Amino acid sequence: MRDERNPAVPVQVVATDHPRGSRIARHHHGAAQLIVLLRGAMRLELDDRVLTVPPGHAAFLPGGLPHAAAYSEHSAVQVAYLDPAALEGLPCETAVFPAGALPCALLARALERDPGAPLLPAEA
């Protein structure tokens, strides 16, 4: 998959809807991903396992990890792409966990910003 993100910006956030039955073919990103499923149903297919992400949960995927995604219901997601070169200490393991209020609020705030604008040091 072609990476359209700005390499000068270490954290970029997008929101997207996926229709019921849609599928994203196997691909990978250089950036790590924090994916929050706001509503719907998402399945992440990795080389060695399949992860089910329920609404209100998040998935973390390390950069470079091949994966596919499938949506069995109309689904809304917010995704933060995290540059591992700029953000030292990101996890190396894939995980699914309850999103909680903080990640949801941070992603919502980031979506209000100009997607190409880097965070100012006072906002980091």
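Is D48 buried or exposed? At 60% relative accessibility, D48 is exposed. The legends below describe a predicted model, and D48 returns in the view of the salt bridges.

**View 1. The protein chain folds into 1 helix and 9 strands.** Along the sequence the elements follow the pattern β-β-β-β-β-β-β-β-β-α. The protein chain has 124 residues, of which 35% count as buried. Its exposed surface is about 7200 Å², with 59% supplied by carbon and sulfur atoms. Of the contacts between residues at least 6 apart in sequence, 78% join residues at least 24 apart.

**View 2. An open sheet of 5 strands has the order β1-β8-β3-β6-β9.** The pairing in this sheet is antiparallel. At its edges are β1 (11-18) and β9 (95-98), each of which pairs on one side only. From one strand to the next, the twist averages 20°. Within the sheet, β3 and β6 run antiparallel and are joined by 4 bridges. One residue to locate here is V36, whose bridge partner in β6 is A58.

**View 3. An open sheet of 4 strands has the order β2-β7-β4-β5.** Here, too, the pairing is antiparallel. β2 and β5 each have a single partner strand, so one side of each is left without a neighbour in the sheet. Direction ignored, neighbouring strands are turned by 15° against each other on average. The antiparallel strands β4 and β7 are joined by 4 bridges. L44 stands opposite A69 in β7.

**View 4. The largest nonpolar core has 15 residues.** I35, M42, L44, V53 and V77 are the residues with the most contacts inside this core. Two or more residues each come from β3 (32-39), β4 (42-45), β5 (50-53), β6 (57-61), β7 (67-71) and β8 (75-82). The largest share, 3 residues, is given by β8. Apart from this core lies another, of 10 residues, with V13, L82, A99 and L107 among them. In soluble globular proteins, nonpolar side chains tend to be buried together.

**View 5. M42 makes contacts with residues from several parts of the sequence.** Which residues does M42 touch, not counting those up to four places away in sequence? They are I35, L37, L51, T52, V53, A70, Y71 and V77. M42 is also among the residues with the most contacts inside the largest nonpolar core.

**View 6. A41 lies in the loop between β3 and β4.** Why does A41 count as buried? Its relative accessibility is 17%, and buried means under 20%. Leaving aside neighbours within four places in sequence, A41 is in contact with V53, A70, Y71, S72, E73 and S75. A41 and H74 are 33 residues apart in sequence, while their C-alpha atoms are 7.5 Å apart in space.

**View 7. R39 and D17 form a salt bridge between two strands.** The closest N and O atoms of this pair are 3.7 Å apart. R39 belongs to strand β3 and D17 to strand β1, so the salt bridge links distant parts of the chain, 22 residues apart. R39 is partly exposed, with a relative accessible area of 41%. D17 is also partly exposed, at 45% relative accessibility.

**View 8. D47 and R26 form a salt bridge between a loop and a strand.** The closest N and O atoms are 2.5 Å apart. D47 sits in the loop between β4 and β5, and R26 in strand β2 (residues 23-27). The two residues are 21 residues apart, and the pair links distant parts of the chain. Both D47 and R26 are exposed.

**View 9. The side chains of D48 and R49 meet in a salt bridge.** The N to O distance is 3.0 Å. D48 is exposed, at 60% relative accessibility, whereas R49 is partly exposed, at 33%. Side chains of opposite charge can pair when their charged atoms come close. A search of the whole structure finds 5 salt bridges. R23, R43 and E45 are linked in a network of salt bridges.

Key:
Residues are numbered from 1 along each chain as its sequence is written. This is a predicted model: local features need pLDDT of at least 70, side-chain atom pairs count only at pLDDT 80 or more; totals for chains, interfaces and linings use all residues. Side-chain values use heavy atoms; hydrogens and water are left out. A nonpolar core is a set of buried Ala, Val, Leu, Ile, Met, Phe, Trp, Tyr and Cys residues joined through side-chain atoms within 4.5 Å. Buried means under 20% relative accessible area, exposed over 50%, partly exposed in between (1.4 Å probe, protein chains only). Contact means heavy atoms within 4.5 Å. Two strands pair if DSSP finds at least two bridges between them. Axes are lines fitted to C-alpha atoms, for helices over the stretch in contact, and angles run from 0 to 180 degrees between N-to-C directions. A salt bridge is a side-chain nitrogen of Lys or Arg within 4 Å of a carboxyl oxygen of Asp or Glu. Accessible areas come from the Shrake-Rupley method with a 1.4 Å probe; for residues, only the protein chains shown count as cover.
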